[in-house]
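Biologist: Please take a close look at one part of this structure, the contact between the two chains, and follow it into the surroundings on either side.

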Amino acid sequence: MAKKTVVETTLNGETVEFLCEPRECLLEVLRDELELTGSKEGCLTGDCGACTVIVDGRSACSCLMLAVEAQGKKIETIEGLAGPNGLHVLQQKFLEHAALQCGICTPGFLMSAKALLDRNPSPTEPEIRYALAGNLCRCTGYDKIVRAVTDAAKTLASGARAA
Amino acid sequence: MAASTNGKTFKVIGTRPIRHDGLEKVTGRAKYGADYSLPDMLHGKMLRSPYAHARIKSIKIDKALALPGVKAIITGADLPTLPDEMATGGEGPVNLAHLSENLLARDKVLYDGHAVAAVAATNAHIAEEAVRLIEVDYEVLPPVMTVEDAMKPGAAILNPKLRNKEEGDKETNIASHLQFKRGEVDEGFKSADYVIEREFKTAMVHQGYIEPHNGVAIFGSDGHSTIWCSTQGSFAVRALSAAVAGVPESNIKVVPAEIGGGFGGKLTVYLEPIALFLSKKTGKPVKMIMSRGDVLKATGPTSGSTIRCKIGCTKDGKLVAAKIWMAYEAGAYPGSPVGAGAMTIIAPYNIPHMIIDAYDVLVNRPKTAAYRAPGATNAAMASETIIDELADKCGIDPIQFRLLNAAQEGTAQTAGPPYKKIGYVETLEALKNSPHYKSKLEGPNRGRGIATGFWFNIGMNSSAIVHLNGDGTASVVIGSVDVGGTRAAQAMVTAEVLGIRAEDVRPLVADTDSIGYNDVTGGSRTAVTTGAAVFAAAEDAVRQLKERAAKLWEKKPEEIAYADGVLTTAGDPSKKLTIKEMAKQFARTGGPITGRGSVNLRTVGPSFAATCVDVEVDPDTAKVKILRATCVQDVGKALHPSYVEGQMQGGTAQGIGWALNEEYVYDDRGNLRNFGLLDYRMPTCLDLPELETVIVEVPAPGHPIGSRGVGEVSIVSPPAAVANAIAHATGIRMVVLPMSPPRLMKAMHNKRNGTETQAAAAGR
């Protein structure tokens, strides 16, 4: 078993240091080492999106990234989505539109949706569905999720503060 | 039981408050089973069979045990032997010997992925390395993968001890044969002008919950233990873990974590008893999480099936006879939902003559588990497509054809007493009047299909407690795990009865020590039955409020009225107390107020649903695009409409996946080839349009709110609706599920070349 490595990274705006084995993926380290259990394990093969985080502005499956790859990068997880003034508009809209049932896919969807709106503030419905196609949901059929993201985009476009 | 409030207007029920657990779910703070950790915890992993059918000759664990960090290894031989008989568990009776053998094989492995050993180690990676060091010597046997192969004379036998009533002492793979009969079916067919007979094959599919199975167990040296896990039934986990691990049931506390989807697949146990047993052996807490591959290989999918369905009608569209033969895959142990399939296949119709033969058949596949209206979707694919074809032959609109034959109050059921008040006709009328059905569908390669579905809904046991707080707010404590928003609905029922706001009620899903016995969250029972228990508990609290006011005002409790959160008494308008004001007086009038409710509902209203889909079939790729989809469902009374719509949309989406892409692909050695979510292809956001919903409310008789079960029936009709839509788009009647591009392509190709036979049309 290889010796553990020290990794320094920026996590939700804070500089963070952690120890990990080279074989551990970022998802494991977030959940087990850093106790940030908001990112979920659904498949460990990058097919379900429940582990979605944002790395240097791009959405990524944290199960497909080795923890050591976080060195020097900017990582955003669900735990950093709400701001000092409360929930992010996306989180608020998910609640209003009942866009979650069991909620296990919700953190992943919120991160994918944030990554989308950060680069495309006025997406069309096909663009929203395309951007979220890497996040699986088995409970909702996606209808209310798409409505929530559409509504969040509209609210943000009208000048509301994100979080 | 309180009198039905049918016809009464509600103030809170039917509104759409933000769910009480919403904040923790959108911030990632909600704790699901895999999010629990204890100090000094070990991690458990399973060794699983690579063979579909084999005898275990020996298991050598010494190399694995020697790996640093490994603390314990167990096999089936370490677990107590349980009786080969039925006991209570989950949604119904469970054979404990089969359950235990499924969790850890004894002398044989019966499917690719059947667990053979379990390792506990200081971390998950070491446990996985140890698993690879365990040496098992197998004697490989021929795999039996389809019901046809299993029922053939001379088939390899999975369980040499299995017997069924008809075959006497003969070894067999047929676990049971049920038959339902009414009238004289051969006479019935004589009076039919049109008869259609087809053979259908539906593939095995999985519930597909995004969260894999998990469990954290700690066995204390005083004999008391605690299990945290994601489950649909904490009391079922307690009972089944106790039996499998050989630990007294009353010494186990099960704490239900939040659950990331169940759909029937988390009504049983896989890891919890093993984690408990490993904790007992090592003296430390043990955590186990299943990999996605193991979830697909080794946890209950629902049955694939072969259904031969023959239905006849007069040229005026009157159904006269039905003859059905159905064989469902049970998997490695008996218990497919073929009985439910048989009881639902023609449930929406009044057919005077019928005979249904239903077979539960063992095959070398994982032991099947419940999946949302288990058995009914397979069945509806057969019956609803044949009925569509008969309607076409008669030149009658498909909704009208169903109305002509619709089951109503007093119609005989396939089994059991005649229907009480049901909402099938209302559901059909609502579909007829829906914006979707009224719209025109135009364009080449497009077609519209409808289908309907039936599901019983179960009642069973629920208990609830309502505490009144000193500030006029309340908490409601329930034992029903919340899979999709029921916690909020129960808070709303409490608020309705107490006359306060939903926001002023705190709902809590409690562990098995803190609340009375509750049957599982499944069978579409939670809103109805836990709702009835909560209603009773809140009414009990109101009764006590009236007693306290009576004490204060020196009146009799019968002279006190309670409405909208205010206590009054007739003839004296000066005497008035809000619940908030009364709460300040609890201490001096007798102490805190706690209301309790406990119910065991024997009969609950069944549900009907209807699906309408518009499809476009690509003539070159055979890809089916869903253009528009609507689900209509009779729910009796919707507690929280947003979450009722959510159930309807979810069932529709799963049904569409079942219709078009989902299937288990086994090779000729019996190994599962698509044990990941890329190739076990469930619908994504991009595969579906908006999902329209129409809620119908025909109140269920005898229920205080009139609710019917919500969760399941919406999955029953979509595959048949999609098949009917494809038929209207292409002229091809598909008789297989899924109607994936390769199969539809073959059928379209055969049709174009004029080589259409029954088999070719089916895409085989």
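Modeller: What follows goes from the contact between the chains to a helix on one side and then to the core and overall build on the other. This is a predicted model, in which local features need pLDDT of at least 70, side-chain atom pairs count only at pLDDT 80 or more, and totals for chains, interfaces and linings use all residues. Residues are numbered from 1 along each chain as its sequence is written, and chains are lettered from A and ligands numbered from 1 in the order in which they are written.

Between the chains, 42 residues of chain B are in contact with 43 residues of chain A, two residues being in contact if their C-beta atoms, placed from the backbone, lie within 7 Å. On the chain B side, helix 1 (22-26) and helix 19 (641-660) each supply at least two residues; helices (H or I, at least four residues) and strands (E, at least two) are DSSP runs, numbered from the N terminus. Helix 19 of chain B gives the largest share of that side, 7 residues. By type, the side of chain B that touches chain A has 18 nonpolar, 17 polar and 7 charged residues. Here Ala, Val, Leu, Ile, Met, Phe, Trp, Tyr, Cys and Pro count as nonpolar, Asp, Glu, Lys and Arg as charged, and the others, Gly among them, as polar.

Helix 1 of chain B also helps cover the buried residues of helix 2 of chain A, together with helix 3 (106-119) and helix 5 (143-157) of chain A. A residue is buried if 20 or more other C-beta atoms lie within 10 Å of its own, exposed if 12 or fewer, and partly exposed in between. In helix 2 (residues 89-96) of chain A, 6 of the 8 residues are buried, so this helix is largely enclosed by the rest of the structure. The buried ones are A:Val89, A:Leu90, A:Gln91, A:Gln92, A:Lys93 and A:Phe94. Just after this helix, A:Ala98 has a positive phi of about 55°.

In chain B, 58% of the 764 residues count as buried. The largest nonpolar core (buried Ala, Val, Leu, Ile, Met, Phe, Trp, Tyr and Cys residues joined through C-beta atoms within 7 Å) has 310 residues, and B:Val722 and B:Met739 are among those with the most contacts inside it. Helix 16 (residues 526-553) of chain B gives the most to this core, 13 residues. Beyond its neighbours within four places in sequence, B:Val722 is in contact with residues including B:Ile656, B:Ala659, B:Leu660 and B:Met739.

Chain B as a whole has 22 helices and 29 strands.
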